[in-house]
Amino acid sequence: MPYQSGSRLPGERASRIGHLEVVKSDLVKSIIQSFDSPEPPLVESKTEWKVQSFSGNSLPIIFGIDGSMQVNQYEKPPQKAIAFVKTALLRLDQYSISQIDREYPNPFALRDMLSDSALYHATVFPLRHTPIPGMNTYDAIRQIIFESIKEKGGSLDTEVMETLKWLAYEKWAENDKSLQPFECPHCEEVVASLNYNEEKGTCSGCGGSLFLTDMLGFHQEMAPDSAPDTVATAYMNIHETLLLFTAVRYYWETNKKILSNCLFVKDGPLMLRAQYSKLVDPIRRFLFFAQKNNFPVHIIGQEKTGRFMDHLQLIKKDAQERSIFMPDNKYIKEIIKSRPNRGGPYGEKTNYGNKIFVKLDNYHSMVLNIPHYSEEPSYMDTLDADRIFATIPKILSNRYEGALLPIELAHGVASLSTYPSAKILKIFSESKEPPII
Ligand SMILES: [Zn+2]
């Protein structure tokens, strides 16, 4: 281990590759010097930060959405494994947020607030070597996914299933269409489908039984008697998305004016990967439809780890306070993802939000996703984003850099196993129509 730095002298640095005999060329030497240097690389490409107002007409009702997933596995063979998945949705308003101490929140005050305004979901998946009588793991997990999303009689009482149907059949458009054919979990042919509004059916190719949740494609990454951890992670992401849209759907059907005064704050990118992306197009179409009807829906996703977050660390020091930067497709592929700018636009099939770097001040900067309404993102496409930016300073937490209170609090709910949860319709119906500002 090298000597650590003292108060007068810099610390010794260990060269990672200094002991290697390499070609004695100046180019090779400069590569080694550059690699050994602790300085972050210069980002030479133009980062077009744009000054943004973070004040104005903010959104008075805030929802936080988060989830957690944990795999419990025996260390000794046969290494039985089960996964616990929890998700939570939390309703806040600016008054209740203003009552919270941003640095030292009182846990009892938080508990009282959460008991009235949090919805909570939990389920378990038998991933490996955890047999269920009369069923293989593949079919057991398919059925658990269906029953968990339906959750009849629980605090969410079938509302999340209604939301899946609302998205899958695009029920806001009232066009009565059946599902696009998807890969059957039995015969593996892309012939499975369900008639409008159905939750169950049979495959026209093989007669095997189908669940609506099979359209999402969880079975495509499972073997007959085992499932990878990623099935549970994918379920968590899907369930978070469905929770968010359960609140959206509720207000869309009951009071669109309230909907357009809400901010939905989700942990993680606004993205559904690989086969799970089947919900992305319906989500985009709904957001566009709502926008066109003058009821914009305000959603943000916050990325706390990953390539975009790493990149923010490199570029934020050069940005002015109170500014934003929206990288375009070329910048994302070449500079952030380090790959050639070929093929379709980044996230074309999987993302329903643009990436936006935000710097409020030297303490608070973050990577946000905001839904966009066209293929080539630009500032103009994130319509009504000004109201989102006006709300951000009001929901900051001072406990972590760039942290947002709704996510922090929703995470608190999703990490607790025995939290009492309110009935779904109650928490929405308590949202009074906000005053016209
Ligand atoms: Zn089939």
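A residue is called buried when its relative accessible area is under 20%, exposed when it is over 50%, and partly exposed in between. Keep that in mind for the exercises below, and remember that this is a predicted model.

**Exercise 1. Get the overall picture: what share of the residues is buried, and how many helices and strands are there?**

Solution. Start with burial: of the 437 residues in the protein, 47% are buried. Next, the secondary structure: you'll find 13 helices and 11 strands. Now look at contacts with a separation of 6 or more: 73% of them join residues 24 or more positions apart. Last, the surface: about 21900 Å² is exposed, with carbon and sulfur atoms supplying 52% of that area.

**Exercise 2. Work out which residues hold the zinc ion and what geometry they make.**

Solution. Step one, find the donors. They are the SG atoms of Cys-184, Cys-187, Cys-203 and Cys-206, lying 2.3 Å from the zinc ion. Step two, read the spacing along the chain, which is C-x2-C-x15-C-x2-C. Step three, place two of them in the fold. Cys-184 is in the loop between helix H5 (159–168) and strand S5 (200–202), while Cys-206 is in the loop between S5 and strand S6 (209–211), so this pair ties together parts 22 residues apart in sequence.

Step four, check the angles. Four donors count as tetrahedral if all angles lie between 85 and 135 degrees. Here the 4 donor atoms subtend 106 to 115°, so the arrangement is tetrahedral. For reference, the ideal angle for four tetrahedral donors is 109.5 degrees.

**Exercise 3. Decide for Cys-184 and Cys-206: buried, partly exposed or exposed?**

Solution. Cys-184 has a relative accessible area of 0%, so call it buried. Cys-206 comes out at 38%, so that one is partly exposed.

**Exercise 4. Classify the ring pair formed by Phe-325 and Tyr-331.**

Solution. Two values describe a pair of aromatic rings: the distance of the centres and the angle of the planes. For Phe-325 and Tyr-331, the centres are 5.1 Å apart and the planes make an angle of 85°. Planes over 60 degrees apart count as edge-to-face, and that is what this pair is. Both Phe-325 and Tyr-331 are buried.

Now zoom out. The two rings belong to one aromatic cluster with Trp-49, Phe-308, Tyr-346 and Phe-357. Across the whole structure, a search turns up 20 aromatic pairs.

**Exercise 5. Find which lysines sit over the rings of Phe-308 and Trp-252.**

Solution. Take Phe-308 to begin with: the charged end of Lys-355 sits over its ring, 4.7 Å from the centre. Then go to Trp-252, where Lys-256 lies over the face at 4.6 Å from the ring centre.

**Exercise 6. Pick out the unusual backbone spots at Pro-78, Glu-174 and Asp-176.**

Solution. Recall that most residues other than glycine have a negative phi, and most peptide bonds are trans. Pro-77 and Pro-78 are joined by a cis peptide bond, with omega about 10°. Pro-78 itself lies in the loop between strand S2 (61–73) and strand S3 (81–93).

For Glu-174, phi is near 50°, a positive value in a residue other than glycine. Asp-176 isn't a glycine either, yet its phi is positive at about 50°. Where are they? Glu-174 is in the loop between H5 and S5, and Asp-176 is found in the loop between H5 and S5 too. With 67% relative accessible area, Glu-174 is exposed; Asp-176, at 54%, counts as exposed as well.

Technical notes:
Residues numbered from 1 in each chain as written. Predicted model: local features only at pLDDT ≥ 70, side-chain atom pairs only at ≥ 80, totals over all residues. Heavy atoms only, no water. Phe/Tyr/Trp six-rings, centres within 6.5 Å; stacked < 30°, edge-to-face > 60°. Buried < 20%, exposed > 50% of the residue type's maximum accessible area, 1.4 Å probe, protein only. Lys NZ or Arg CZ within 6 Å of the ring centre and 35° of its normal. Donors = N, O, S within 2.8 Å, 3.2 Å for Na, K, Ca; no water. Tetrahedral: all angles 85-135°; square planar, octahedral: opposite > 155°, others 65-115°. Helix = DSSP H or I, 4+ residues; strand = E, 2+ residues; numbered from the N terminus. Contact = heavy atoms within 4.5 Å. Areas by Shrake-Rupley, 256 points an atom, 1.4 Å probe, with all protein chains shown as cover.
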